[in-house]
2 protein chains.
Amino acid sequence: MKTYSISEVAKELNLTVYTLRYYDKEGLLPFVERTASGTRAFKESDIDALKVIECLKATGMPIKEIKNFIDWCSEGDSTLRQRFDMFMERKATVESQLEELNKTMELIKHKCWYYKTALDAGTEDIHKNDKIEIPIN
Amino acid sequence: MKTYSISEVAKELNLTVYTLRYYDKEGLLPFVERTASGTRAFKESDIDALKVIECLKATGMPIKEIKNFIDWCSEGDSTLRQRFDMFMERKATVESQLEELNKTMELIKHKCWYYKTALDAGTEDIHKNDKIEIPIN
DNA sequence: TTAAACCTTATAGTTAACTCTAGGTCAATA
DNA sequence: TATTGACCTAGAGTTAACTATAAGGTTTAA
């Protein structure tokens, strides 16, 4: 079965070898096997697991919580409920992050318009008596 | 004209007084005036500016770059181009963040389904010979 | 007039997530 | 066989963004 070195995995996932070793040290990669001389040999499935770790990180989950999930995975079927609940909670988190980011986008677009018109007029004074059109909250 | 104390502003914007003083120290709030005894007196327009600062923070912009923007604001119409360009760049950033977060959501949803079916079956083995349906990249 | 509840500054401490260094092992090649 | 380069660990250093503490000033209500 083909395996990959730490630098190959780092390149593939746009991480550094430092980061991967750090993840391992934090207990995120207990499944990665070693050669006789101690070198990490990543399997295809390990790379898939790392993609899930990166996904959880992208939701803002701290590494210590990701470790809990990894531990549950090692414990087998008895933790299926926890893992299901965790992903449902992540789903809710990402939903509200998307909502927040869309609100942010609205204000940014407003500012793009504001500065485009000001730039065309040569001065910001053109907006001197604007009413507030986009309440932020 | 009505003004607000630092703790009133903190409450309104869901920040701490520590954070607001930190922002001030970092040069993000040069427009906030003081009473004779040195206490900060926030105007309505200062709160609006803070909302813009929070918006930029929500796009992942570091405080030092937000400071550049604040400095440009103080310099007047000669910096309109920079400010316009900055918001256009932020728009592109948020667009790709939204894209990324939507991809993340897809994987999370897949995992919700994966664990729901496993939970119903009582074992993860039900997915033993699944093909990969959602390539992450 | 004094105590509580604010405010101030300067400075130190915290936390997460890396990021790097030092000192060493190992396998392949000139 | 000597050297190059990729790997290893332990532990130190970095950075951003807070977060807290100490020591003191001001305002307000009893």
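This briefing walks through how two protein chains pair up, how they meet a DNA strand, and where some of their charged side chains link. Keep in mind that the model is predicted. Chain B can be laid on chain A by a turn of 180°, and a search of the whole structure finds 24 salt bridges over all chains.

**How the two chains are related**

- Chain B fits onto chain A with an RMSD of 0.0 Å after a turn of 180° and a shift of 0.0 Å along the axis.
- That is the relation of a two-fold axis.
- Within chain B, Leu98(B) has the C-alpha nearest the axis, at 3.5 Å from it.
- Both copies use the same surface, since 100% of the contact residues of chain B recur in chain A.

**Meeting DNA strand C**

- There are 17 residues around DNA strand C, and those that come nearest are Ser7(B), Arg21(B), Lys25(B), Arg34(B) and Arg40(B).
- By type, the residues of this surface are six nonpolar, six polar and five charged.
- Three helices each give at least two residues to the surface: helix 2 (17-25) of chain A, plus helix 1 (6-13) and helix 2 (17-25) of chain B.
- Helix 2 of chain A makes the largest contribution, with four residues.
- On the DNA side, 65% of the strand C atoms within 4 Å of the protein belong to sugar or phosphate, and the rest belong to bases.
- Phosphate oxygens of strand C lie 3.2 Å from a side-chain N or O atom of Ser5(B) and 3.1 Å from a polar side-chain atom of Arg34(B).
- Lys25(B) instead has a polar side-chain atom 3.1 Å from a base oxygen of the strand.

**Salt bridges to look for**

- Asp120(A) and Lys116(A) join in a salt bridge with an N to O distance of 2.9 Å.
- These two residues are four apart in helix 5 (residues 80-121) of chain A, so about one helical turn separates them.
- Asp120(A) is exposed at 59% relative accessible area, while Lys116(A) is partly exposed at 42%.
- In chain B, Lys128(B) pairs with Asp125(B), their closest N and O atoms being 3.4 Å apart.
- Lys43(A) and Asp46(A) form a salt bridge at 3.3 Å, and both residues are buried.
- Asp24(A), Arg34(A) and Arg40(A) are linked in a network of salt bridges.

**A closer look at Lys43(B)**

- Lys43(B) sits in the loop between strand 2 (40-41) and helix 3 (44-58) of chain B.
- Its relative accessible area is 16%, so Lys43(B) counts as buried.
- Leaving aside residues up to four places away in sequence, Lys43(B) touches Met1(B), Lys2(B), Phe31(B) and Glu33(B).

Note on methods: Residues are numbered from 1 along each chain as its sequence is written. Chains are lettered from A and ligands numbered from 1 in the order in which they are written. This is a predicted model: local features need pLDDT of at least 70, side-chain atom pairs count only at pLDDT 80 or more; totals for chains, interfaces and linings use all residues. Side-chain values use heavy atoms; hydrogens and water are left out. Copies are superposed by least squares on the C-alpha atoms of residues with pLDDT of at least 70 in both. Contact means heavy atoms within 4.5 Å. A residue is near a molecule or strand if one of its heavy atoms lies within 4 Å of it. A polar contact is a pair of N or O atoms within 3.5 Å; within protein, one must be able to donate a hydrogen and the other to accept it, and residues adjacent in sequence count only if both atoms are side-chain atoms. Ala, Val, Leu, Ile, Met, Phe, Trp, Tyr, Cys and Pro count as nonpolar, Asp, Glu, Lys and Arg as charged, and the others, Gly among them, as polar. Buried means under 20% relative accessible area, exposed over 50%, partly exposed in between (1.4 Å probe, protein chains only). A salt bridge is a side-chain nitrogen of Lys or Arg within 4 Å of a carboxyl oxygen of Asp or Glu.
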